[in-house]
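Please walk through the structure shown below with an eye to its internal space, its aromatic rings and a few backbone details.

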Amino acid sequence: MNTVDHLTNSREMQRAQMQNLTRRMVAHAKNKTTDFAEDPLPVPVGVYSDADRAEAEISKIFLKVPLVAGLSCDMPDKGSRMVFEVAGRSILIMRGKDNKVRAFLNACRHRGVRLTEECTTATRITCPFHGWTYDLEGKLIGLPGKAAFDGLKQGELGLTAVPVVEWNGLILVRADPDGKPIDAEEYFGELSPLLRSLNLENLAPVKKHKEKVAANWKFAQDTFFEGYHFSSLHPETISASSINNSLVHDSWGPHQRVMMSYKFFEEWGNLPEEEWDEVPYQGIHLLFPNTILYVGNLEALVKDKGDHTDRQIFGFWRGFPDGEANRSYTLLETYRPASQSDPETIKEYTDVTDFIIQVITTEDYALCEQGQKNLQTLPRNTNLYFGRNECALQSIHGALNELIDQ
């Protein structure tokens with residue numbers, strides 16, 4: 001399929017997806033309803049606070065499951081390298097002269113020192129301790145004082161590889177040298193066509209921000225997948241345009257999508273569909289287990305039926321445990337279509353990004369930190385509860401528990 005056909009098909013898939021979402025959201029807005037799970041779900045408080053649970057999540061999830069390490073545009077050139085930190089393990093990702101992405105433990109084979117902390121471009125990488133040097137394929141090509149290592153085979157002293165794959169603009173890593181290769185199509189399953197339609201391979205970075213949170217990574221992540229809190233926690237920000245406690249939810253295995261209802265949908269409930277304006281594709285997706293992919297648009301509504309994917313904004317918000325059950329950090333990273341490159345438009349993207357970061361950090365995460373203090377002290381037999389209206393959270397935690405219980 002040529003580029004023009006691919007872009008046309010991508011736009012049509014996004015449009016069809018959004019038409020379906022819009023019909024469902026308009027119905028909810030008209031009837032003052034939301035998507036429901038079958039029953040409320042009790043959640044043991046230890047899911048957020050127990051050290052044993054936190055350790056199990058690191059060993060069974062963060063070091064075993066494919067994770068989004070970054071985007072292709074984060075390392076666009078031959079010789080580009082990127083450091084990906086996960087659960088205390090440092091992964092070095094490099095793009096070879098053959099343009100292929102490879103990943104290794106960020107540890108010299110001599111004394112285990114980290115080779116680099118920087119995301120730079122070079123044809124080789126040299127350990128700062130004793131000068132052992134490796135090429136972009138992880139081979140040891142420079143061994144100072146080679147005579148001191150007689151008896152060792154230099155060809156067997158390359159960097160330790162970990163599974164990595166570059167797929168439609170995403171770079172996925174499994175942070176386990178003994179892990180099986182990553183099949184992205186299999187991992188994303190029925191979500192794959194939608195992800196392909198987003199043209200993530202054609203993005204450019206806008207802004208990157210790291211936020212440390214004194215709360216469990218799941219507590220922080222949970223706030224993105226329900227709109228039950230909008231009117232109480234976001235009265236002057238999100239609640240200004242969105243209906244409280246009104247969303248649609250879809251799941252593809254462990255992967256999720258939610259979309260909140262806009263207030264203008266209340267008016268559309270009394271109009272024939274042909275009189276609705278077009279809503280550009282958007283949604284909050286969970287690329288399981290910890291990558292939130294927010295797809296939005298610089299315009300909430302459009303009057304014509306043309307192509308509006310060139311005004312999309314993409315947020316990749318990745319949460320990680322940070323050593324203890326009650327500590328985490330989030331990488332809040334925003335991208336734009338590479339075609340949107342003039343300074344005035346880039347400023348629009350930056351302004352939207354700054355607003356998003358402000359809401360997340362000063363409203364959502366501030367409350368999470370207060371709540372985590374309670375969760376650390378509640379009796380161990382305490383249950384929390386996800387309501388029927390928090391169906392996405394029920395699905396996410398069910399998928400996490402399934403991995404923990406294996």
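Sorted by class, the residues that line the second largest cavity of this predicted model comprise 6 nonpolar, 4 polar and 1 charged residues. The lining consists of Trp217, Ala220, Gln221, Phe224, Asn290, Ile292, Trp317, Arg318, Gly319, Thr330 and Tyr365, and the elements that contribute two or more residues to it are α6 (217–222) and β17 (312–321). The space enclosed there amounts to about 50 Å³, and the search of the whole structure that found this cavity gives 3 cavities of 30 Å³ or more. As for the principle behind such a search, rolling a probe the size of a water molecule over the atoms shows where empty space is left.

Aromatic rings are the next topic, and the count for the model comes to 18 aromatic pairs. One of these is formed by Tyr48 and Phe219, whose rings are tilted, with 5.5 Å from centre to centre and 50 degrees between the planes. This pair links distant parts of the chain, since Tyr48 belongs to helix α2 (residues 46–49) and Phe219 to helix α6, with the two positions 171 residues apart in sequence. Both Tyr48 and Phe219 are buried. A pair with another geometry is that of Tyr294 and Trp317, which is stacked, at 5.4 Å centre to centre and with 10 degrees between the planes. Here, too, distant parts of the chain are linked, with Tyr294 in strand β16 (residues 291–297), Trp317 in strand β17, and 23 residues of separation in sequence. Trp317, which is also one of the residues lining the second largest cavity, counts as buried because its relative accessible area is 6%, under the 20% limit used for that term. Another of the lining residues, Trp217, joins Phe62, Phe84, Phe320 and Tyr329 in one aromatic cluster.

The backbone deserves a look as well. Where does a cis peptide bond occur? The bond in question joins Phe288 and Pro289, with an omega of about 10 degrees, and Pro289 is located in the loop between β15 (283–287) and β16. Two asparagines can be considered alongside it: Asn168 has a positive phi of about 50 degrees although it is not a glycine, and Asn245, likewise not a glycine, has a positive phi of about 60 degrees. Asn168 sits in the loop between β10 (164–167) and β11 (170–173), whereas Asn245 lies within strand β13 (residues 242–252). With a relative accessible area of 25%, Asn168 is partly exposed; for Asn245, the relative accessible area is 25% and the residue is partly exposed.

A last stop is Arg114, in the loop between β5 (101–105) and β6 (124–126). Is Arg114 buried, exposed or partly exposed? Its relative accessible area is 32%, so Arg114 is classed as partly exposed, a term that covers values between the 20% limit for buried and the 50% limit for exposed. When its neighbours within four places in sequence are left aside, the residues in contact with Arg114 are Glu85, Gly88, Ser90, Asn106 and Pro128. With Glu85, the side chain of Arg114 makes a polar contact of 2.8 Å to the side chain of its partner. Leu92 offers a further reference point, as Arg114 and Leu92 are 22 residues apart in sequence and 9.3 Å apart in space, from C-alpha to C-alpha.

Methods. Residues numbered from 1 in each chain as written. Predicted model: local features only at pLDDT ≥ 70, side-chain atom pairs only at ≥ 80, totals over all residues. Heavy atoms only, no water. Helix = DSSP H or I, 4+ residues; strand = E, 2+ residues; numbered from the N terminus. Buried < 20%, exposed > 50% of the residue type's maximum accessible area, 1.4 Å probe, protein only. Contact = heavy atoms within 4.5 Å. Polar contact = N/O pair within 3.5 Å; in protein donor to acceptor, adjacent residues only side chain to side chain. 1 Å grid on protein atoms, 1.4 Å probe; cavity = no way out; pocket = protein on both sides within 12 Å on 5 of 7 lines; lining within 4 Å. Points joined across faces, edges and corners; volume = space filled by probe spheres on them. Nonpolar A, V, L, I, M, F, W, Y, C, P; charged D, E, K, R; others polar. Phe/Tyr/Trp six-rings, centres within 6.5 Å; stacked < 30°, edge-to-face > 60°.
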